[in-house]
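Open your viewer, turn on the cartoon view and keep the selection box handy. We'll go from place to place, picking something at each stop and looking at what is there.

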Amino acid sequence: MSPTSKITVSHLARLAIVYVRQSTSAQVRQNTESTQRQYDLAGTAAEYGWLAEQIVIVDADLGVSGRFGAEREGYREIVARLCMGEVGAVFGSEVSRLGRSNADLTRLMELARLTDTLLIDTDGVYDLANVNDRILLGLKGQMSEIELHFLLGRFHGARVAAAHCGELRHLLPFGYVYDDEGQIVKDPDEQVRRAVEDLFAEFLRTGSALGTVRAFHETGRLFPQRA
């Protein structure tokens, strides 16, 4: 059975949702090719027969972790549209990564089965009414969740090893940086230092954080922020 043979007139009469997500803001900035490939899935949907006005790109979760579906606005939108019976297919670069939590993926798979919605990624088209597709996608979801467990384990191990060597660095408050020797010093940027001094002076004047924020807003003053 070819992948496209699973796509019926009923599916094409509904929406095709292209789900675009990266786990962190750093990935959004650095992995631009990956993000673009996800957007390009809109072209794949068109090739499969969906009209341009039926293709909806959901990218509200760019830079949002996939561990918890309830915290992802885009994921919630997809679930809501599925429950309304508006969706014929959901596209993703890897459908198993719609959620790093296997519970989220299982919930989405069940909704897709009940509403006759296809899940489509670069590996193929999954019809959740087909038991073989359901088993395959379930296994991929479990592997994705296990992968996250190992990634977190390696990250924690690296931090512990760095701490043992005295090389673990934490994110410093605004106004401080590490110098070339790893010592904590005031930011050499004079504009940053002045902004920090201005913040504390305003806090002493107003006596509250809310008053400080309001004063900065009213005068249009800016405060440094790390990307």
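**Stop one: the strands**

Select β3 together with strand β4 (residues 118–121): the two pair in the parallel sense over 3 bridges. A word on terms: strands are DSSP runs of E with at least two residues, helices are runs of H or I with at least four residues, and both are numbered from the N terminus. Two strands pair if DSSP finds at least two bridges between them.

Before going on, know what you're looking at: this is a predicted model, where local features need pLDDT of at least 70 and side-chain atom pairs count only at pLDDT 80 or more, while totals for chains, interfaces and linings use all residues. Residues are numbered from 1 along each chain as its sequence is written, and side-chain values use heavy atoms, with hydrogens and water left out.

Now click Phe91 in β3, then find its bridge partner in β4, which is Ile120. Phe91 is also the β3 bridge partner of Val18. That takes you to strand β1 (residues 15–22), which pairs with β3 in the parallel sense over 4 bridges. Another pair to click is Leu15 and its bridge partner in β3, Val87.

How much of strand β3 (residues 87–91) is buried? 5 of its 5 residues are, so the strand is largely enclosed by the rest of the structure. Here "buried" means under 20% relative accessible area, "exposed" means over 50%, and "partly exposed" is in between (1.4 Å probe, protein chains only).

**Stop two: β1 from both sides**

Stay on β1 and colour its residues by side. Leu15, Ile17, Tyr19 and Arg21 lie on one side, Ala16, Val18, Val20 and Gln22 lie on the other, and all of them are buried. In other words, β1 is mostly covered, with 8 of its 8 residues buried.

Next, add strand β2 (residues 55–62) to your selection. β2 and β1 run parallel and are joined by 6 bridges. To see one of the pairings, pick Tyr19 and look for its bridge partner in β2, Val58.

**Stop three: helix α8**

Select residues 190–206, which make up helix α8. The helix has 17 residues and reaches 24 Å from its first C-alpha to its last, close to the 24 Å expected at 1.5 Å a residue. That expected span is 1.5 Å times one less than the number of residues.

Which residues of α8 are buried? Show Val192, Ala195, Val196 and Glu202 as sticks, and you have them. They cover an arc of only 125° around the axis, which puts them on the same side of α8. (The arc is that of the directions from the helix axis to the C-beta atoms.) Add α9 (209–219) to the view, since α9 is included in what covers these buried residues.

Then spin the helix round. The face turned away from the buried side carries the exposed residues Glu197, Phe200, Leu204 and Arg205.

Check the ends of α8 too. Asp189 caps the N-terminal end: one of its side-chain oxygens lies 2.9 Å from the backbone nitrogen of Gln191. After the helix comes Gly207, with a positive phi near 85°.

**Stop four: charged pairs**

Side chains of opposite charge can pair when their charged atoms come close. A salt bridge here is a side-chain nitrogen of Lys or Arg within 4 Å of a carboxyl oxygen of Asp or Glu. The structure holds 9 salt bridges.

Begin with Asp116 and Arg14, whose side chains meet in a salt bridge (3.7 Å, N to O). This pair links distant parts of the chain, 102 residues apart: Asp116 is in the loop between α6 (102–114) and β4, and Arg14 is in the loop between α1 (9–12) and β1. Is each one buried or partly exposed? Asp116 is partly exposed at 32% relative accessible area, while Arg14 is buried at 14%.

Jump to helix α5 (residues 73–83), where Arg81 and Glu77 are 4 residues apart, or about one helical turn. They form a salt bridge, with the closest N and O atoms 3.2 Å apart.

Last, return to α8 and select Asp198 with Arg221, which meet in a salt bridge at 3.0 Å, N to O. Asp198 lies in α8 and Arg221 in the segment after α9, so the pair ties together parts that are 23 residues apart in sequence. Add Glu202 and Arg205, and you'll see the network that these two make with Asp198 and Arg221 through salt bridges that share partners.

Key
Contact = heavy atoms within 4.5 Å. Polar contact = N/O pair within 3.5 Å; in protein donor to acceptor, adjacent residues only side chain to side chain.
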